[in-house]
Amino acid sequence: MSYVTHLECAACSSSYAHAQEQHLCHCGGPLLVRYDLDALASQLAREALQHCSDRSLWRYGSLLPVSCADNVVSLGEGGTPLLAVPRMGAALGIDQLYIKDEGTNPTGTFKARGAALGVSMAKELGIRHIAMPTAGNAGGAWAAYCSRAGIKLTVVMPADAPDINKAECRAYGADTYLVNGLISDAGKIIAKGIETHGWYDASTLKEPYRIEGKKTMGLEIAEAFHWDLPDVILYPAGGGVGLI
């Protein structure tokens, strides 16, 4: 059972129904999924997770937006190992350093988490054709999950994107087009296709659900440390490093 209540704009706090297709707020802000956390806390204890045999990210289904289990599109994502690296930690002067190995996900990156939720919600909403610009890993992940779900995917990516990602998109059956330009140029082409053909826009932050999959990395880390949160989390963020 999901405890989702609505979608909320991160910029102006406007509310939107979650059971229908939504993208950006009228103000242009991204939409975030909101839950009835009080009801969840009163009906589901953390200790219940200890008895859950499912090691995938779907063990946190109550904190995810998919309402019907039949709409879950999964390739076994999540449940990735958290590895202690004491020698690296000592070299960096950091006690208790760990690495979350997201390379064990389907398609080899954490992007599988976002694709699993994005495609599952697309299935729940009755979407039959998804479109997105991509520079690499996200396209491969969404192609894999769309193939699993039987949903058509169109991707546009820069011509100089890694060959392995182009091949991955094609291998999973996505309609794959290359553009001599940047991902922003790919995004403009996708926008025209969405306007013309009514495709579902899965561009970053233009659908509310991929970040719901990505948040499960944090839930897994918190659970691994018995809900005693680490002081700092470093994560890859495109060309730089994010700090939480």
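**A three-stranded sheet, its cysteines and a buried lysine**

In strand 2, Tyr16 is the bridge partner of Leu7. The model is predicted, and this pair is a convenient place to enter its sheet. Strand 1, made of residues 4-9, is joined to strand 2 by 2 bridges, and the two run antiparallel. Between these strands lies a hairpin connection of 5 residues, in which Ser13 takes a positive phi near 70°.

Leu7 also has a bridge partner in strand 3, namely Val33. Strand 1 and strand 3 are paired in the antiparallel sense over 5 bridges. Another position along this pairing is Val4, which stands opposite Tyr35 of strand 3. Taken together, the strands form an open sheet of 3 strands in the order 2-1-3, with antiparallel pairing. Strand 2 (15-16) and strand 3 (31-35) are the edge strands, each pairing on one side only. As background, the strands of a sheet pair through backbone hydrogen bonds, in either a parallel or an antiparallel arrangement.

The cysteines come next. A disulfide is a covalent bond between the sulfur atoms of two cysteines. The structure holds 0 disulfides. Cys12 is in no disulfide, and its nearest cysteine sulfur, that of Cys25, is 3.6 Å away. For Cys27, the closest cysteine sulfur belongs to Cys9; the distance is 3.6 Å, so the two are too far apart for a bond. The cut-off behind this reasoning is 2.5 Å between the sulfur atoms. As for accessibility, Cys12 counts as partly exposed because its relative accessibility is 34%. Cys27, at 41% relative accessibility, also counts as partly exposed.

Further along the chain, Lys100 belongs to strand 5, which covers residues 98-100. Is Lys100 buried or exposed? Its relative accessibility is 18%, and therefore Lys100 counts as buried; the limit for that class is under 20%. A polar atom of the Lys100 side chain lies 2.8 Å from the backbone oxygen of Thr80. Thr80 is also among the residues that Lys100 contacts once its neighbours within four places in sequence are left aside. The others in that list are Pro81, Leu82, Arg113, Met217, Glu220 and Ile221.

Definitions and conventions:
Residues are numbered from 1 along each chain as its sequence is written. This is a predicted model: local features need pLDDT of at least 70, side-chain atom pairs count only at pLDDT 80 or more; totals for chains, interfaces and linings use all residues. Side-chain values use heavy atoms; hydrogens and water are left out. Two strands pair if DSSP finds at least two bridges between them. Helices (H or I, at least four residues) and strands (E, at least two) are DSSP runs, numbered from the N terminus. Buried means under 20% relative accessible area, exposed over 50%, partly exposed in between (1.4 Å probe, protein chains only). A polar contact is a pair of N or O atoms within 3.5 Å; within protein, one must be able to donate a hydrogen and the other to accept it, and residues adjacent in sequence count only if both atoms are side-chain atoms. Contact means heavy atoms within 4.5 Å.
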